[in-house]
Structure formats: C-alpha cells, structure tokens
Amino acid sequence: MICVKNYILIDEKYEIGEIIELKKVHPCGVNTWEVLRNGVDYRLKCTGCGHIILIPRIKLGKMIKVKKS
C-alpha cells in the first residue's frame, strides 16, 4: 500500500473472481466479497446475500482488511 496525502492507494490489482475481505461486516453477517470488475471503480458482490456494490479504488483501499505478514 502507498499513502499519499491521507489517501491509501492499493498497489495490488485484484483480479476478477478473486475473494477479498473487508474490515466491516455486511448486514447479512459476511465480510467477504467477490470482485466482478476492476479498474478505477471496483464492482463487488457479497458472498453471503449476493448484493452488488460499485466502489472507487481509493475508498476500497481504506476498506480492505490488511493481511498480517
């Protein structure tokens, strides 16, 4: 991750079909999402209820759970 003026840019590009984990839990009780589209905006599908959202890359960078190395 790269931090530029309070923005966290994700240096990884998530591939279509990849499952990512977010910090907050969706109201259905799941915090894992499937990537349907990548680019400037990401289209994500909840793996629990199937809800689809469109989210900017910068905002997604703040929401992704950081994996401990």
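Modeller: Before we start, helices and strands here are DSSP runs, with at least four residues for a helix and at least two for a strand, numbered from the N terminus. Also, this is a predicted model.

Biologist: Thanks! So what does the secondary structure of the protein chain come to?

Modeller: One helix and six strands. Along the sequence, the pattern reads β-β-β-β-β-β-α.

Biologist: Nice. How do β5 and β6 pair?

Modeller: They pair in the antiparallel sense, over five bridges. β5 covers residues 41-46, and β6 covers residues 52-56.

Biologist: And which residue in β6 does R43 stand opposite?

Modeller: That would be L54.

Biologist: How many residues sit between the two strands of that hairpin, β5 and β6?

Modeller: Five residues lie between them. G50 is in the turn, and its phi is positive, at about 85 degrees.

Biologist: Changing topic: how many disulfides does a search of the whole structure find?

Modeller: Zero.

Biologist: Hm, but what about C28 and C46? Why is there no bond between their sulfurs?

Modeller: The sulfur of C28 has its closest cysteine sulfur in C46, and the distance is 3.5 Å, so they are too far apart for a bond. The cut-off for a disulfide is 2.5 Å between the sulfur atoms.

Biologist: Got it. Is C46 buried or exposed?

Modeller: C46 is buried, with 2% relative accessibility. C28, on the other hand, is partly exposed at 36%.

Biologist: Then which residues make up the largest nonpolar core?

Modeller: There are eleven, and C46 is one of them. The others are Y14, I20, L22, W33, V35, Y42, L44, I55, L60 and I64.

Biologist: Which strands each supply at least two residues of this core?

Modeller: β4, which spans residues 32-37, and β5 each do that. β5 gives the most to this core, with three residues.

Biologist: So β5 turns up again! Is there a general reason why nonpolar side chains gather like that?

Modeller: In soluble globular proteins, nonpolar side chains tend to be buried together.

Biologist: What share of the protein chain is buried overall?

Modeller: Buried residues make up 23% of its 69 residues. The accessible surface of the chain is about 5,000 Å², and 55% of that belongs to carbon and sulfur atoms.

Biologist: Last one: among contacts between residues at least 6 apart in sequence, what percentage join residues at least 24 apart?

Modeller: For the protein chain, that comes to 30%.

Conventions:
Residues numbered from 1 in each chain as written. Predicted model: local features only at pLDDT ≥ 70, side-chain atom pairs only at ≥ 80, totals over all residues. Heavy atoms only, no water. Pairing = 2+ DSSP bridges. Buried < 20%, exposed > 50% of the residue type's maximum accessible area, 1.4 Å probe, protein only. Contact = heavy atoms within 4.5 Å. Areas by Shrake-Rupley, 256 points an atom, 1.4 Å probe, with all protein chains shown as cover. Core = buried A, V, L, I, M, F, W, Y, C linked by side-chain atoms within 4.5 Å.
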